[in-house]
Amino acid sequence: MASGFILSRGAASLGVHCQRLCRNVSVSQVRGKKRWMRAYMAVMERKLKLEGPPPPTPRSQQPNWDYHAEVQAFSNRIQENISLCQLKTAFVNPCYLQAEQKRRLELDEGTETTALALEDNIQLSEKGEIFTKNFLSDWCRASFPNLPSDGVESIVGHLTSKSLFAHVARNLGMEDLTLNADYPVPDEVLYSTLMAVIGALRDSSGAGRTRFFLRDFLIAQLIGKDLFDMWSVVNPMGLLVEELTKRNMALPEPRLIRSAGASTVLPLYFVGLYSEKKLLAQGPGETLVAAEEEAARVALRKIYDYTENRRPFDFSPPQQHQQPLIQSLSNN
């Protein structure tokens, strides 16, 4: 009897003690993956493989889009004062007008409502293209006076290529602002759009500001670019002979300067070109012919003053207030 009482009393005290402990312990719920999640993710992955990724959606079809504010922000972003009306016209391509006109006709709207009060950018694009090519040609001739006309045309052709214009336009955020029938916008459309923006800048701010714009965004693409990556010369040794003949210099004489691993799979030769016992240039190559051609290219870079260690381009801002500042300092 006494032992039963003691056991019941001990069980009661143990229960009270456990209740006190449970009050002080906070149980945190751990959230794990549901059982149906694995099957659902497997179905979605299989669907992605069969159908492919969804087509890209233009920014204009997404929420919180204000076209007028975005166009105005583009003008402020490039720090140019362009007429807002002309800038909007520069972003309108003819294919967009045709697609929009076709869409409105399919909706059976009246002839008065189907007419679009928009103008395409063909005229602005033509103005910008003429001004850009003329300026780049003059700049190349002034910066590299020894460069022949073929080299100047190659550099201008590289700077006005559609791929480079599309690269500059996309990095300036013009792809979302361009009104075009297709998305993503093709390189040809971005080329004409950027040319139209240049034409609008020419009409709004003048030729001076447009030259600085081309210098900052197009000529800057020449930094780190090799001459013969833009100008394809088939026979560099023949071109070098022509240049030396024009300058009344002796013809180049190739000589093997040094070599390494001639009997291995990866040989290396250094060929030097001498004229009147003076070293013009030297170049490496896996064969003697390749080394001779590379040495000829190095010599042509020196003649045309397009070497890697040449003087960098002047991208300093225009000194508009320099003269008044000098006058004020002299008066004091």
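The legends below describe close-up views of a predicted model.

The model is predicted, so local features need pLDDT of at least 70 and side-chain atom pairs count only at pLDDT 80 or more, while totals for chains, interfaces and linings use all residues. Residues are numbered from 1 along each chain as its sequence is written, and side-chain values use heavy atoms, with hydrogens and water left out.

**View 1. Salt bridge between R215 and D216.** A salt bridge is a side-chain nitrogen of Lys or Arg within 4 Å of a carboxyl oxygen of Asp or Glu. The structure holds 11 salt bridges. In the one formed by R215 and D216, the closest N and O atoms are 3.0 Å apart. R215 is buried, at 12% relative accessible area, and D216 is partly exposed, at 37%. Buried stands for under 20% relative accessible area, exposed for over 50%, and partly exposed for values in between (1.4 Å probe, protein chains only).

**View 2. Salt bridge between E294 and R301.** The closest N and O atoms of this pair lie 3.9 Å apart. E294 has a relative accessible area of 25% and is partly exposed; R301 has 14% and is buried. Elsewhere, R170, E175 and D187 are joined into one network by salt bridges that share partners.

**View 3. E253, in a salt bridge and in a strand pair.** The side chain of E253 meets that of R255 in a salt bridge, with 3.3 Å from N to O. Both partners are partly exposed: R255 has a relative accessibility of 42% and E253 has 43%. Strand 1 covers residues 253–260, and E253 stands opposite Y274 in strand 2. Strands (E, at least two residues) and helices (H or I, at least four residues) are DSSP runs, numbered from the N terminus.

**View 4. Strand 2 and its two antiparallel partners.** Strand 2 spans residues 268–275, and 6 of its 8 residues are buried. Strand 1 is joined to strand 2 by 7 bridges, and the two run antiparallel. Strand 3 (residues 278–285) is also antiparallel to strand 2, again with 7 bridges. Two strands count as paired if DSSP finds at least two bridges between them. L273 stands opposite A281 in strand 3. Strands 2 and 3 form a hairpin with 2 residues between them, and E276 in the turn has a positive phi of about 55 degrees.

**View 5. Nonpolar surface patch with M44.** W36, Y40, M41 and M44 make a patch of about 430 Å². Patch residues have over 30% relative accessible area and no salt bridge; like charges are joined within 9 Å, and nonpolar side chains (Val, Leu, Ile, Met, Phe, Trp, Tyr) within 5 Å. Accessible areas come from the Shrake-Rupley method with a 1.4 Å probe, and for residues only the protein chains shown count as cover. M44 lies in helix 2 (residues 35–51) and is partly exposed, with 35% relative accessibility.

**View 6. T132 in helix 7.** Helix 7 runs over residues 122–143 and includes T132, which is buried at 0% relative accessible area. A polar atom of the T132 side chain lies 2.6 Å from the backbone oxygen of G128. Leaving out residues up to four places away in sequence, T132 touches T160, F165, M195, I198, L214 and L218. Contact here means heavy atoms within 4.5 Å.

Terms used:
A polar contact is a pair of N or O atoms within 3.5 Å; within protein, one must be able to donate a hydrogen and the other to accept it, and residues adjacent in sequence count only if both atoms are side-chain atoms.
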